[in-house]
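Could you walk me through this structure, one selection at a time? I have it open in a viewer and would like to know where to click next.

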Amino acid sequence: MADPAPDVPAPDVPEPGAPGSSEDPRGVHSAADIATAWQRERPGAPTESIEIVTPIWWLGKLFADDRDRALRAAGIDAATLDLLSVIRRSGPPYALSTREIACRTLVTAGAISQRVARAERDGLVVRRPGTTGRRSVLVCLTAEGHALIERSVDTVLGREARLVRGLSDQERTVLAGLLVKLMADVRRRTGR
């Protein structure tokens, strides 16, 4: 005969759906619930990041999914938007070296080469010799690429502006500052 299960103390977490529970009705737990569960199951586990990193991942997924829907409707993919945007934001003459593009997008040189080749085939950019050396290449927006990014950026930024309207101007300012600080520190710690 098996021993009865040991007495396990009830956690100090409300039952799902009970008053005070932060569980989403679709079965999704809050980051605080996840941290509490890990503290209960693995006392001493380093859980201090969960309530920051987990919502960032979740928000990243929600924003990415919404952006993908907007981009499909605008007839552009995320990689092409990223490439054309970084060139467009550089200002006239709307040309950057592949090295500058890689630095500004946090994408590898190989991935940039593939993006540029695809955009060039689609008539959105052209490559021209650079001015800083024999191997230097500039990637320049074509008229078609410029028109596409002008249409797409309004669609994407307008949609994303609506998504963050739940925060006041002051809250957005504070959050933006904290995210800049966190990004700089994480990049330093990860060597990126």
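Here is a short tour that goes from the whole chain to the sheet, then to a pocket and a single residue.

**Stop 1: the whole chain.** Before selecting anything, keep in mind that this is a predicted model. Colour it by secondary structure and you should find seven helices and three strands. Following the chain along its sequence gives the pattern α-α-α-β-α-α-β-β-α-α. The protein has 192 residues, and 24% of them count as buried. Now switch on the surface: its accessible area comes to about 13800 Å², with 57% belonging to carbon and sulfur atoms. As for contacts with a separation of 6 or more, 44% are between residues 24 or more positions apart.

**Stop 2: the sheet.** Select the three strands, which form an open antiparallel sheet in the order E1-E3-E2. Which strands stand at the edges? They are E1 (95-97) and E2 (125-129); each has a single partner strand, so one side of each is left without a neighbour in the sheet. Turn the view and look for the twist, which averages 30 degrees from one strand to the next. In general, strands of a sheet pair through backbone hydrogen bonds.

Next, zoom in on E2 and E3, the latter covering residues 137-141. Five bridges join these two antiparallel strands. To see one facing pair, click on Arg128, which stands opposite Leu138 in E3.

**Stop 3: a helix across the sheet.** Add residues 98-105, which make up helix H4. H4 lies across E1 and E3, and runs at about 90 degrees to E1.

**Stop 4: the largest pocket.** Select Ile56, Gly60, Phe63, Leu179 and Met183, the lining residues that lie nearest the centre of the largest pocket. The full lining has 30 residues, and the volume of the pocket is about 1500 Å³. Show helices H2 (50-74), H6 (143-163) and H7 (169-190) as well, since each supplies at least two residues of the lining. Which helix gives the most? That is H2, with twelve residues.

**Stop 5: one residue to finish.** Go to Thr80, in helix H3 (residues 78-89). Is Thr80 buried or exposed? Its relative accessibility is 8%, and buried means under 20%, so Thr80 counts as buried. Display its surroundings too: beyond its neighbours within four places in sequence, Thr80 is in contact with Arg118 and Leu124.

Terms used:
Residues numbered from 1 in each chain as written. Predicted model: local features only at pLDDT ≥ 70, side-chain atom pairs only at ≥ 80, totals over all residues. Heavy atoms only, no water. Helix = DSSP H or I, 4+ residues; strand = E, 2+ residues; numbered from the N terminus. Buried < 20%, exposed > 50% of the residue type's maximum accessible area, 1.4 Å probe, protein only. Contact = heavy atoms within 4.5 Å. Areas by Shrake-Rupley, 256 points an atom, 1.4 Å probe, with all protein chains shown as cover. Pairing = 2+ DSSP bridges. Axes fitted to C-alpha atoms, helices over the stretch in contact; angles between N-to-C directions. 1 Å grid on protein atoms, 1.4 Å probe; cavity = no way out; pocket = protein on both sides within 12 Å on 5 of 7 lines; lining within 4 Å. Points joined across faces, edges and corners; volume = space filled by probe spheres on them.
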